[in-house]
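Here are a few exercises to work through with the model open in your viewer. Try each task before you read its solution.

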Amino acid sequence: MKAVEPKSGDILLMMSTDELSKLIAWFGDSAYSHSALMVSEGLLMESIAQGITETKLEDLMRPDFNIKYVDVFRSLDRNGDIFSASQQLAMRNSARLFIGVSFEFGKLVQIGVLAAVRQKIPANALVRKLLRLAFDHVLANSDKAMTCSQFVYTSLLRAEVAPSASITPRIIYSGPSGLPFPDDIDWQKLIKEIKALLPEHEKLKNTNWLNEEIKDDEISLLSDAALQQKAAEVRLALGLSAIDEMQIATHTVGDIIDNPNPKLVTPGDIYATPDHIAQGRWFTMQ
């Protein structure tokens, strides 16, 4: 049952049913694995594996989309008002400039970015192998791919409105959530999902990392120190400098982060912004 009807300017936060999405939500310290932007009545824009595209709202309910639930958030400008018609048009024009931008291996990139930004290294051996691949892939594609929340944030940031950035959601420091590692992951399904990402990428296809044990020749690649080093390289590639990290380290929960790097904005950050009003759940998978 649909409790609310999304409108132009709304942000949609959602959770998918696949195993990779469970990891995305955990790495991102939130209940969501994906975000999208309503650009007109019945039409949203999102960054998915095929690139940034327009999607009919009703399609989210299709079984093959594998959406578990969708929550609606009504965007507010800096005056605390719902977007005007001119603000919605500026947002729409800004978002459409990104149509076709690549989001190759989207979920793999998103896991790498979230893990690096949130600085989370899991204990599970299979996920550590996945994380190593995700880090390597982000480093190879950091200038080409755009995550879902980066797209939403950047579309609002670059909208030509007056005053400038008056419809850009403020990002607040939330700190670690303490969410436990998901205990309902179907590991066989996860392996199948990962394999589905590999055929087009020769470097990944030829690895034997899908074994659930860490072999002797993998220890140096998958140690805490090695993964933390890779995470630091990812943060640097994404534009987060040592000075930026020091500034973030001085924040307390609830502080507004000035001029955040859009590449580092997460679905959890979009959820936590004070610049929207939660409207409720639009869709839950039956």
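**Exercise 1: the sheet**

S1 and S2 pair in the antiparallel sense, over 4 bridges (two strands pair if DSSP finds at least two bridges between them). Before going on, some ground rules: this is a predicted model, where local features need pLDDT of at least 70 and side-chain atom pairs count only at pLDDT 80 or more, while totals for chains, interfaces and linings use all residues. Residues are numbered from 1 along each chain as its sequence is written, and side-chain values use heavy atoms, with hydrogens and water left out.

Task: work out the strand order of the open sheet and find which strands stand at its edges.

Solution, step by step:
- Strands (E, at least two residues) and helices (H or I, at least four) are DSSP runs, numbered from the N terminus.
- Start in the S1–S2 pair: Ile 11 stands opposite Leu 37 in S2.
- Leu 37 also has a bridge partner in S3, namely Met 45.
- S2 (residues 34–40) and S3 (residues 43–48) run antiparallel and are joined by 3 bridges; Ser 40 has Leu 43 of S3 as its bridge partner.
- These two strands form a hairpin with 2 residues between them, and Gly 42 in the turn has a positive phi of about 80 degrees.
- The whole open sheet has 6 strands in the order S4-S3-S2-S1-S5-S6, with antiparallel pairing.
- S4 (51–56) and S6 (276–284) each have a single partner strand, so one side of each is left without a neighbour in the sheet.
- From one strand to the next, the twist averages 30 degrees.

**Exercise 2: what covers the sheet**

Task: find which strands helix H5 lies across, and decide whether S2 is enclosed or open.

Solution, step by step:
- H5 (residues 148–157) lies across S1 (11–16), S2, S3 and S4, and runs at about 35 degrees to S2. Axes here are lines fitted to C-alpha atoms, for helices over the stretch in contact, and angles run from 0 to 180 degrees between N-to-C directions.
- In H5, 9 of its 10 residues are buried (under 20% relative accessible area; exposed is over 50% and partly exposed lies in between, with a 1.4 Å probe and protein chains only). Among them are Cys 148, Phe 151 and Tyr 153.
- As for S2, 7 of its 7 residues are buried, so the strand is largely enclosed by the rest of the structure.
- Zooming out, buried residues make up 53% of the 286 residues in the chain.

**Exercise 3: two helices crossing**

Task: classify how H1 and H6 cross, then list the residues that make the contact.

Solution, step by step:
- The axes of H1 (residues 19–27) and H6 (residues 187–197) come within 8 Å and cross at roughly 95 degrees.
- Angles under 35 degrees count as roughly parallel, over 145 as roughly antiparallel, 65 to 115 as roughly perpendicular and the rest as oblique. H1 and H6 are therefore roughly perpendicular to each other.
- With contact meaning heavy atoms within 4.5 Å, H1 brings Glu 19, Leu 20 and Leu 23, and H6 brings Lys 189, Leu 190, Glu 193, Ile 194 and Leu 197.

**Exercise 4: far in sequence**

Task: how far apart in space are the C-alpha atoms of Val 117 and Leu 240?

Solution, step by step:
- Val 117 is in helix H3 (residues 106–118), and at 21% relative accessibility Val 117 counts as partly exposed.
- Val 117 and Leu 240 are 123 residues apart in sequence, yet 8.9 Å apart from C-alpha to C-alpha.
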